[in-house]
Amino acid sequence: MQIPIDKKIKIKDRIYAAFIFFTRLPFWRIYQPTREAYETVVEHWPLVGWLTGIAMAGTLYLCHLILPLSLSILLAMLVRILLTGALHEDGLADFCDGFGGGTSREKILSIMKDSHIGTYGVIGLILYELIFFQTISTICSITEMKTCIFAIIGGDAFSKMIAAQIIQFLPYTRNAETAKNGVVYRKLSLKSGISLFLQGVLPMIPLLNSTGFAHINWIIFAPCITMFLLYTLMNKKIGGYTGDCCGAIFLLCELTFYIAFAGTIYYNIVTT
């Protein structure tokens, strides 16, 4: 796999483009990056995860001081959805519709581009949200709130870093004219790859310090396994990826991260 040479796009443009692209916050009022910068948004996807992870974790922490845990988790989930405009959830729904109902490459891509949600998308979103809620609830119930907060922040950024690898291994299935968002992500250079890695790993340090390193392997590798399985599916069915696929990979890798984390903590409890 050939690693491309970094284009001369200012780091300021890249970061602003990522926050404008992946959130609904009006960063565009502060600064307008160049159009080319939007090709690099995946390079700072985990950095956006710092914002969404902290917002979700902060909401959970503040709400649980005065509200029941279940309601606090729902409000935290709502805050992240509002921040991102349900961008990733929309991708997951389209992914489920396309790969669930499509029988050929052309049909899958056509379904995924359709703005209407189908049966597979509805079922996929419902199951995802239910499992996500129950997993976060379980983590909060069997660990200290501090550890749960660290898990949410670390899981968000780390899973986006894992999901971002898809642009290295598969080609984009459309061009800029036919893409839903009008952008084709460029592949990572060595420099941007290192930056992406650091963005995804640094928020994990508080979680590792809080829980220890005894069973951390499962927490790290479980999302990677999910990523590999989704990569295999997309490579076989459509021979590439789309923006919807990126959103679906992130949410499913993140969900796997939390399930693995809850499982390791629960295993430690029942075996000690």
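**Close-up views of a predicted model**

Cys224 is partly exposed, with a relative accessible area of 28%. Like every view here, this one comes from a predicted model.

**View 1. Cysteines without a disulfide partner.** We can stay with Cys224 for a moment and look at its sulfur. The closest cysteine sulfur belongs to Cys253 and is 7.6 Å away, too far for a bond. A disulfide calls for two cysteine sulfur atoms within 2.5 Å, so the Cys224 and Cys253 pair does not qualify at 7.6 Å. Cys246 is in no disulfide either, its nearest cysteine sulfur being that of Cys245, 7.0 Å away. Cys246 counts as buried, at 5% relative accessibility, whereas Cys224 is partly exposed. By this rule, the disulfide count for the structure is zero.

**View 2. The cavity and its lining.** Here we turn to enclosed space. The structure holds one cavity of 30 Å³ or more, and the volume of the largest cavity is about 50 Å³. Its lining is made up of Met56, Met77, Arg80, Ile81, Glu89, Tyr128, Glu129 and Phe132. Two elements, helix H3 (69-84) and helix H6 (119-142), give two or more residues each to this lining. Sorted by class, five of the lining residues are nonpolar and three are charged, with no polar residue among them.

**View 3. Helix H6 and its packing.** Helix H6, covering 119-142, is one of the contributors to the cavity lining, and this view follows the helix itself. With 24 residues at 1.5 Å a residue, H6 should span 34 Å, and its end C-alpha atoms, 35 Å apart, agree with that. Its buried residues include the glycines Gly121 and Gly124 and the aromatic residues Tyr128, Phe132 and Phe133. Thr135, Ile136, Ser137, Ile139 and Cys140 are buried in H6 as well. Tyr128 and Phe132 also appear in the lining of the largest cavity. The partners of the buried H6 residues are helix H2 (45-64), H3, helix H4 (87-101), helix H7 (145-163) and helix H12 (243-270).

**View 4. Thr84 and its neighbours.** For the last stop, look to Thr84, which lies in helix H3. Is Thr84 buried or exposed? Thr84 counts as buried because its relative accessibility is 6%, and the limit for that class is under 20%. Leaving aside residues up to four places away in sequence, Thr84 touches Phe22, Thr23, Arg24, Thr52 and Glu89. Of these contacts, Glu89 is a residue to look for in View 2 too, where it lines the largest cavity.

How values were computed:
Residues are numbered from 1 along each chain as its sequence is written. This is a predicted model: local features need pLDDT of at least 70, side-chain atom pairs count only at pLDDT 80 or more; totals for chains, interfaces and linings use all residues. Side-chain values use heavy atoms; hydrogens and water are left out. On a 1 Å grid over the protein atoms alone, a cavity is a set of points where a 1.4 Å probe fits but cannot get out, and a pocket is an open set with protein on both sides within 12 Å along at least five of seven lines; lining residues have an atom within 4 Å of a point. Grid points are joined across faces, edges and corners, and a volume is the space filled by probe spheres set on the points. Helices (H or I, at least four residues) and strands (E, at least two) are DSSP runs, numbered from the N terminus. Ala, Val, Leu, Ile, Met, Phe, Trp, Tyr, Cys and Pro count as nonpolar, Asp, Glu, Lys and Arg as charged, and the others, Gly among them, as polar. Buried means under 20% relative accessible area, exposed over 50%, partly exposed in between (1.4 Å probe, protein chains only). The expected span of a helix is 1.5 Å times one less than its number of residues. Contact means heavy atoms within 4.5 Å.
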